[in-house]
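Subject: Structure for you to look at

Hello,

Here is the structure I promised to pass on. Please open it beside this message and follow along.

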Number of protein chains: 2
Amino acid sequence: MDALDAVITKIEVREFSPEEVPYDVQKKVLEAGRMAGSAYNRQPWVFILINDKDLLKKVAALATTGPYISKAAFAVAVFVDPNNPFHIIDGTRAVQNMMIAAWSLGLGSVWVAGLEREKITELLKVPNNLYLLTIIPFGKPAKNFKGKKRRKSLKEIAYLNYYGNTLK
Amino acid sequence: MDALDAVITKIEVREFSPEEVPYDVQKKVLEAGRMAGSAYNRQPWVFILINDKDLLKKVAALATTGPYISKAAFAVAVFVDPNNPFHIIDGTRAVQNMMIAAWSLGLGSVWVAGLEREKITELLKVPNNLYLLTIIPFGKPAKNFKGKKRRKSLKEIAYLNYYGNTLK
């Protein structure tokens with residue numbers, strides 16, 4: 001899918017089909033994250049690809065706003081180094097790359113922020129000096145999934161050269 | 001350009017061609033940002049499209065790490081609402097959308113973080129309750145631009161199910 005089409009059409013997906021996603025496609029999603037830009041090219045991130053079904057259920061039980069992780073084909077837990085002052089920005093750049101690439105490959109996803117971070121970090125055996133930014137569940141959208149994308153109009157959020165100066 | 005190719009090949013560009021970029025292309029970049037996902041769909045962002053040459057120079061003079069803003073065809077200043085707990089994440093998602101879409105349209109860009117934020121906010125007449133996340137200069141890469149993308153290998157940054165468990 002064309003990149004511009006991908007960012008324009010991409011929508012949050014929380015309802016997943018039980019269909020499996022090939023491992024090489026899962027790795028393409030990781031690659032998309034790996035290739036993100038970061039401040040001083042520090043790449044202050046660690047990705048845990050979760051595709052074990054039992055583990056997905058355990059993680060979902062610790063995700064206060066992400067029970068649908070249990071139904072995902074796979075998920076990626078993104079950890080970042082909090083000693084890096086750009087860790088939130090850089091981690092987010094990697095995540096957005098993954099979500100856009102996944103969408104272009106036919107996979108929906110959603111940002112899950114409500115997490116029992118300490119417990120999940122321990123469950124995944126990740127050193128506790130890393131910060132769990134988010135867990136993104138990925139999977140083909142469920143057959144009955146109907147997304148409606150609602151956004152403010154460009155005129156509501158963008159101006160030309162100076163705030164208040166309407167775009168042509 | 002295919003979305004996966006775009007995120008894989010996209011590289012930071014700081015050297016711009018003097019070539020103009022049509023206004024409708026500039027607006028496509030804004031559209032890519034507008035369509036980003038955000039927590040609770042709050043869209044806590046304001047974009048200032050800067051394409052006035054004098055203004056680009058003035059902004060560049062206030063960008064401690066971004067003098068090349070003066071040579072950009074246009075730039076987008078991204079402001080976010082700091083009262084929204086997800087303002088850094090959500091603003092970054094919009095920026096990453098813009099950078100990927102721009103790259104697929106033949107435009108380079110780079111994240112500029114070193115900014116005299118108060119002075120730029122005043123210059124652009126933006127209410128000072130908004131936070132200037134970044135200014136992104138956009139333009140066709142200079143003819144002599146040669147980018148080399150260096151990233152850690154996937155095995156250095158990604159694991160399967162548990163930290164330390166090597167990817168197949």
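Start with how the two chains relate. Keep in mind that this is a predicted model. Chain A can be laid on chain B by a turn of 180 degrees, with a shift of 0.0 Å along the axis and an RMSD of 0.0 Å. That is the relation of a two-fold axis. The same surface serves both copies: 100% of the contact residues of chain A recur in chain B. Which residue of chain A comes closest to the rotation axis? That is A:Ala3, with its C-alpha at 1.9 Å.

Next, the interface. 55 residues of chain A are in contact with 55 residues of chain B. Several elements of chain A give two or more residues to this side. They are helix 1 (3-9), helix 2, strand 1, helix 4 (87-104), helix 6 (154-157) and strand 5 (158-160). Helix 4 of chain A gives the most, with nine residues. By class, the side of chain A that touches chain B has 34 nonpolar, ten polar and eleven charged residues.

Now the sheets. They are shared between the chains, as the strand orders show. One is an open sheet of five strands, in the order 3(A)-4(A)-2(A)-1(A)-5(B), with mixed pairing. Its edge strands are strand 3 (108-109) of chain A and strand 5 (158-160) of chain B, and each pairs on one side only. Inside this sheet, strand 2 (residues 74-80) and strand 4 (residues 131-139) of chain A pair in the antiparallel sense over seven bridges. Look for A:Phe79, which stands opposite A:Leu132 in strand 4 of chain A.

Two helices of chain A to find here:

- Helix 2 (residues 23-34) of chain A lies across strand 1 (45-50), strand 2 and strand 4 of chain A, together with strand 5 of chain B. It runs at about 170 degrees to strand 1 of chain A.
- Helix 3 (residues 53-61) of chain A packs on the sheet and touches strand 1, strand 2 and strand 4 of chain A. Its direction makes about 120 degrees with that of strand 1 of chain A.

Another open sheet has five strands in the order 5(A)-1(B)-2(B)-4(B)-3(B), again with mixed pairing. Strand 5 of chain A and strand 3 of chain B stand at the edges. Each has a single partner strand, so one side of each is left without a neighbour in the sheet.

Walk across this sheet from the chain A end. Strand 5 of chain A and strand 1 of chain B run parallel, joined by three bridges. There, A:Tyr159 stands opposite B:Ile48. Strand 1 and strand 2 of chain B run antiparallel, with six bridges. B:Leu49 has B:Val76 as its bridge partner, and B:Ile50 stands opposite B:Ala75. Strand 2 and strand 4 of chain B are also antiparallel, with seven bridges. Here B:Ala75 stands opposite B:Pro137.

Is strand 2 of chain B covered on one face or both? Both faces are covered. In a regular strand the side chains alternate between the two faces of the sheet. On one side sit B:Phe74, B:Val76, B:Val78 and B:Val80. On the other sit B:Ala75, B:Ala77 and B:Phe79. Seven of the seven residues of strand 2 of chain B are buried.

Helix 4 (residues 87-104) of chain B lies across strand 1, strand 2, strand 3 and strand 4 of chain B. It runs at about 5 degrees to strand 4 of chain B.

In helix 3 (residues 53-61) of chain B, B:Leu56, B:Val59 and B:Ala60 are buried. Seen down the helix axis, the buried residues fall within an arc of 100 degrees, so they line one face of the helix. An α-helix has 3.6 residues a turn, so residues three or four places apart point the same way. The buried residues of helix 3 of chain B pack against strand 1 (45-50), strand 2 (74-80), helix 5 (117-123) and strand 4 (131-139) of chain B.

Last, one residue to click on. B:Ser109 is found in strand 3 (residues 108-109) of chain B. Is B:Ser109 buried or exposed? It is buried, because 27 other C-beta atoms lie within 10 Å. Not counting residues up to four places away in sequence, B:Ser109 touches B:Val13, B:Met99, B:Ala102, B:Ile136, B:Pro137 and B:Phe138.

Best wishes

Conventions. Residues are numbered from 1 along each chain as its sequence is written. Chains are lettered from A and ligands numbered from 1 in the order in which they are written. This is a predicted model: local features need pLDDT of at least 70, side-chain atom pairs count only at pLDDT 80 or more; totals for chains, interfaces and linings use all residues. Copies are superposed by least squares on the C-alpha atoms of residues with pLDDT of at least 70 in both. Two residues are in contact if their C-beta atoms, placed from the backbone, lie within 7 Å. A residue is buried if 20 or more other C-beta atoms lie within 10 Å of its own, exposed if 12 or fewer, and partly exposed in between; C-beta atoms are placed from the backbone. Helices (H or I, at least four residues) and strands (E, at least two) are DSSP runs, numbered from the N terminus. The arc is that of the directions from the helix axis to the C-beta atoms. Two strands pair if DSSP finds at least two bridges between them. Axes are lines fitted to C-alpha atoms, for helices over the stretch in contact, and angles run from 0 to 180 degrees between N-to-C directions. Ala, Val, Leu, Ile, Met, Phe, Trp, Tyr, Cys and Pro count as nonpolar, Asp, Glu, Lys and Arg as charged, and the others, Gly among them, as polar.
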